[in-house]
Amino acid sequence: MKNALAASHLDMRAFARSSDQMDGCDPLARYGRIALECQGRGLDSMVVWSARGEIRADQLGQEQFWLHLHADATAPLTCQRCLEVVNIRLLVDRSFRFVADEEAARAQDDEAQEDLLVLAGDFNLQELVEDELVLELPFIARHDVCPVQAPHAAVDADFDASASGRPNPFAALAQLKAGDDRSKK
């Protein structure tokens with residue numbers, strides 16, 4: 001429990017200065033926004049994460065506080081093709097550099113290749129884990145190949161054949177336009 005308390009109230013300066021590492025393994029249910037996307041499924045599956053702090057010097061020799069985050073989880077989502085469960089792996093492997101305030105973050109954001117966060121004395125690492133996992137959720141969850149036919153999908157060979165035998169409405173428009181061009185001459 002000490003690890004969970006420390007992860008939700010982390011002193012980033014001390015964590016980075018000591019090059020400390022913190023690991024966790026939490027049930028998916030603990031991350032409310034992801035649990036909501038899972039619609040109550042798989043909430044006992046685990047989110048495995050680790051974080052490592054470090055100090056790096058910039059070009060002027062000034063110390064910079066860094067955090068490297070790794071998180072791995074599997075979210076049972078609903079496939080939008082077949083409406084069955086599809087297990088989506090959410091993998092985060094990202095580094096963050098901390099800056100003094102929001103103004104510094106905005107000023108440096110365009111040129112920074114790393115993600116920037118504001119340095120706070122009471123940093124919530126678990127919120128960052130959840131934020132980053134949410135960013136890994138797919139816009140549309142789906143299987144590469146659905147294991148079952150979607151229950152609402154229509155299977156009608158005559159429909160496909162009749163659609164191919166119909167005249168193209170744009171071809172008729174092209175003929176009208178061609179006729180209109182000839183009458184102008």
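Start by selecting F123 in this predicted model. Leaving aside its neighbours within four places in sequence, F123 is in contact with A7, S8, H9, L10, M12, L67, F98, L117 and L128. Keep F98 from that list highlighted, as the next stop needs it.

**The aromatic pair**

Show the rings of F98 and F123. A search of the whole structure finds one aromatic pair, and here it is: the ring centres of F98 and F123 are 5.3 Å apart and the planes stand at 90 degrees, so the pair is edge-to-face. Now colour by secondary structure. F98 belongs to strand β4, while F123 is in the loop between β5 (115–118) and α5, so the pair ties together parts that are 25 residues apart in sequence. Are these two residues, F98 and F123, buried or exposed? Both are buried.

**The nonpolar core**

Next, add W49, L67, L125 and L133 to your F123 selection. These five residues have the most contacts inside the largest nonpolar core, which has 37 residues. To see where that core comes from, select α2 (12–17), β2 (46–57), β3 (63–78), β4 (85–99) and α5, the elements that each give two or more residues to it. Which element gives the most to this core? That is β3, with seven residues.

**Along the strands**

Stay with β3 and bring in β4. The two strands pair in the antiparallel sense over 14 bridges. They form a hairpin with six residues between them; click on L83 in the turn to find a positive phi of about 65 degrees. For a landmark on the pairing, select P76, which stands opposite N87 in β4.

Then move from β4 to β5. These strands run parallel and are joined by four bridges. Here V99 is the residue to pick, standing opposite V118 in β5.

Before leaving this part of the tour, show R56 and W66. The charged end of R56 sits over the ring of W66, at 3.9 Å from the ring centre.

**E130 in helix α5**

For the last stop, select E130, which is placed in helix α5 (residues 125–136). E130 has a relative accessible area of 13%, so it counts as buried. What does its side chain reach at 3.1 Å? Draw a distance to the backbone nitrogen of G32 and you have it. Draw another to the backbone nitrogen of R33, which lies 2.8 Å from a polar atom of the E130 side chain. To complete the view, add Y31 and I34: together with G32 and R33, they are the residues in contact with E130, leaving aside its neighbours within four places in sequence.

Notes
Residues are numbered from 1 along each chain as its sequence is written. This is a predicted model: local features need pLDDT of at least 70, side-chain atom pairs count only at pLDDT 80 or more; totals for chains, interfaces and linings use all residues. Side-chain values use heavy atoms; hydrogens and water are left out. Buried means under 20% relative accessible area, exposed over 50%, partly exposed in between (1.4 Å probe, protein chains only). A polar contact is a pair of N or O atoms within 3.5 Å; within protein, one must be able to donate a hydrogen and the other to accept it, and residues adjacent in sequence count only if both atoms are side-chain atoms. Contact means heavy atoms within 4.5 Å. A nonpolar core is a set of buried Ala, Val, Leu, Ile, Met, Phe, Trp, Tyr and Cys residues joined through side-chain atoms within 4.5 Å. Rings of Phe, Tyr and Trp (its six-membered ring) pair if their centres lie within 6.5 Å; planes under 30 degrees apart count as stacked, over 60 as edge-to-face and the rest as tilted. A charge sits over a ring if NZ of Lys or CZ of Arg is within 6 Å of the ring centre and within 35 degrees of the ring normal. Two strands pair if DSSP finds at least two bridges between them.
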